[in-house]
Structures are given as structure tokens and as C-alpha cells.
Amino acid sequence: ILLNTRSNIELCIIHIPSGENTGSANKHPGEEVCYVKKGVVHVILSEDTEYMLGEGDVLYYDSTIPHRWENRSEGMTEIIIINSPATY
């Protein structure tokens with residue numbers, strides 16, 4: 001689900017099934033916040049820094065750094081991404 005308003009903030013809800021990932025690393029201008037609503041997610045930044053986040057955890061990063069997400073857990077992961085400026 002993608003919500004784009006008239007503001008310069010964008011909100012995305014991403015569902016990642018067990019064993020799946022978001023594909024190749026992405027980078028774009030701005031800054032980003034990742035909030036884990038459900039499950040566990042591994043956030044990989046620049047392929048050399050990794051964070052394991054659980055439900056309720058939040059991570060902020062500069063979105064010009066290549067980034068991607070992986071679900072290595074048994075269940076579905078749901079993350080909310082808040083991005084500024086809106087790029088999609």
C-alpha cells in the first residue's frame with residue numbers, strides 16, 4: 001500500500017512473506033524511517049551494515065545509502081516506511 005499526499009512525506013506499508021526480501025538495494029534522495037508493525041525484519045544498509053528489528057522497533061537512515069529488507073523469520077513481516085521527500 002502506498003499513500004502519497006500533497007505533502008513532501010510518503011508512507012508505504014510493506015508486507016514481506018517468510019523467507020522473502022525486497023529485492024536489490026534501493027537508494028534515493030532524502031531520509032527514511034522504518035517501523036516494524038509485525039514480525040522481524042533485517043534491514044541491510046550498503047551491504048555491510050545490518051540491523052535486526054522486531055515489533056515496535058524503529059530505524060532511521062539516510063535514504064541515499066543503498067538499503068533493502070529481508071524477512072528471515074517463520075511468519076509474515078509488516079513494516080511501515082516513512083520517506084521524505086516523497087519519491088514514488
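**View 1. Asn-83 sits in strand β8.** This is a predicted model, and the first close-up puts Asn-83 at its centre. With a relative accessible area of just 2%, Asn-83 counts as buried, because the cut-off for that label is under 20%. Its side chain still has a polar partner: one of its polar atoms is 3.1 Å from the backbone oxygen of Pro-85. Skipping neighbours within four places in sequence, the residues in contact with Asn-83 are Asn-8, Ile-9, Glu-10, His-28, Glu-31, Glu-32 and Ser-63.

**View 2. Strand β3 pairs with β8 in the antiparallel sense.** Zoom out a little from Asn-83 and the strand pairing comes into the frame. Seven bridges link β3 to β8, the latter covering residues 77-84. One pair to pick out is Glu-32 with its bridge partner in β8, Asn-83. Glu-32 also turns up among the contacts of Asn-83.

**View 3. Strand β3 also runs antiparallel to β6.** Here β3 (residues 31-38) is shown with β6 (residues 58-62), and five bridges hold the count for this pairing. For a landmark, look for Cys-34, whose bridge partner in β6 is Leu-59.

**View 4. Ile-44 is a buried residue of strand β4.** The strand spans residues 41-45, and Ile-44 has a relative accessible area of 4%. That value makes Ile-44 buried, since the label applies under 20%. What does Ile-44 touch, leaving out residues up to four places away in sequence? The list is Thr-49, Glu-50, Pro-66, His-67, Arg-68, Glu-70 and Arg-72. Take Pro-66 from that list: it is 22 residues from Ile-44 in sequence, yet the C-alpha to C-alpha distance is 8.2 Å.

**View 5. Glu-70 belongs to strand β7.** This strand is made up of residues 67-70. Is Glu-70 buried or exposed? It comes out buried, with a relative accessible area of 14%. Its side chain makes a polar contact of 2.5 Å with the side chain of Arg-68. Beyond the neighbours within four places in sequence, Glu-70 is in contact with Glu-20, Asn-21, Val-40, Val-41, His-42 and Ile-44, so the residue featured in View 4 shows up again here. One more distance for this frame: Glu-70 and Pro-17 are 53 residues apart along the chain, with 9.2 Å between their C-alpha atoms.

Notes:
Residues are numbered from 1 along each chain as its sequence is written. This is a predicted model: local features need pLDDT of at least 70, side-chain atom pairs count only at pLDDT 80 or more; totals for chains, interfaces and linings use all residues. Side-chain values use heavy atoms; hydrogens and water are left out. Helices (H or I, at least four residues) and strands (E, at least two) are DSSP runs, numbered from the N terminus. Buried means under 20% relative accessible area, exposed over 50%, partly exposed in between (1.4 Å probe, protein chains only). Contact means heavy atoms within 4.5 Å. Two strands pair if DSSP finds at least two bridges between them. A polar contact is a pair of N or O atoms within 3.5 Å; within protein, one must be able to donate a hydrogen and the other to accept it, and residues adjacent in sequence count only if both atoms are side-chain atoms.
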